[in-house]
Amino acid sequence: MSERTLLIVKPDGVARGLVGEVIARVEARGFRLCAIQMLRLDDERAGEFYAIHRGKPFYRPLVEFMTSGPVVVVLLEADRAVQGLRELVGVTDPAKAEIGTVRGDMGTTIQANVVHASDSPETARAEIGFFFGPRALSGCA
Ligand code: CMP
């Protein structure tokens with residue numbers, strides 16, 4: 001069943017010139033690009049996006065990192081998109097991510113792990129709405 005998910009190329013990925021490589025990998029795996037935007041998060045928006053991690057020791061450094069430079073936010077569609085994208089990006093810590101995954105091949109630290117991918121269909125809906133607004137929830141252009 002066709003499903004939608006959200007990918008963010010984080011500030012380290014953008015700064016290192018990895019946007020094209022990341023997008024090439026998702027396209028090659030059959031994901032359709034529905035929408036894309038480059039933006040810089042401010043403290044409030046980054047804090048809101050990662051609200052679930054508020055109170056954790058890595059929350060403040062995470063917000064600071066995510067506001068340190070521009071990010072590229074991509075709305076993707078595919079069959080089983082959420083799980084498929086998670087497999088393609090690999091686990092959170094690049095040191096533990098498999099070779100062949102985005103984080104395993106390109107990530108440097110648990111913070112500078114190149115990308116964020118929605119972790120469930122419910123989170124994907126919330127994250128898509130957060131960046132692209134409620135109208136983006138209905139389908140690919
Ligand atoms: P992401 O998938 O964007 O979700 C939250 C982010 O917090 C995560 O990727 C990591 O980049 C970052 N992070 C930093 N330290 C940790 C940690 N100890 N555990 C989990 N996530 C961490």
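**Exposure, contacts and the ligand site**

Me: Why does proline 61 count as partly exposed?

Reply: The relative accessibility of proline 61 is 35%. Buried means under 20% relative accessible area, exposed over 50%, and partly exposed in between (1.4 Å probe, protein chains only). Proline 61 therefore counts as partly exposed. This is a predicted model, in which local features need pLDDT of at least 70, side-chain atom pairs count only at pLDDT 80 or more, and totals for chains, interfaces and linings use all residues. Residues are numbered from 1 along each chain as its sequence is written, and side-chain values use heavy atoms, with hydrogens and water left out.

Me: What places proline 61 in a helix?

Reply: Proline 61 lies within residues 59-66, which form helix α4. A helix here is a DSSP run of H or I with at least four residues, and a strand is a run of E with at least two, both numbered from the N terminus. Proline 61 and glutamine 111 are 50 residues apart in sequence, with 8.3 Å between their C-alpha atoms.

Me: Why is glutamate 44 called exposed?

Reply: Glutamate 44 has a relative accessible area of 64%, so the term exposed applies. Glutamate 44 belongs to helix α3 (residues 43-49).

Me: Why is threonine 67 called buried?

Reply: Its relative accessible area is 16%, so threonine 67 is buried by the same definition. Threonine 67 is in the loop between α4 and β3 (71-79).

Me: What makes the approach of threonine 67 to valine 63 a polar contact?

Reply: The side chain of threonine 67 reaches the backbone oxygen of valine 63 at 3.0 Å. A polar contact is a pair of N or O atoms within 3.5 Å; within protein, one must be able to donate a hydrogen and the other to accept it, and residues adjacent in sequence count only if both atoms are side-chain atoms. The pair therefore qualifies. The side chain of threonine 67 also reaches the backbone oxygen of glutamate 64 at 3.0 Å.

Me: Which distances identify polar contacts between the ligand and tyrosine 50, isoleucine 110 and asparagine 113?

Reply: A ligand oxygen is 2.5 Å from a side-chain N or O atom of tyrosine 50. Another value, 2.6 Å, involves a backbone N or O atom of isoleucine 110 and a ligand oxygen. For asparagine 113, a polar side-chain atom lies 3.3 Å from a ligand oxygen. These values satisfy the definition, so the pairs are polar contacts.

Me: What makes His53 a residue around the ligand?

Reply: His53 is among the residues around the ligand, which means that one of its heavy atoms lies within 4 Å of that molecule.
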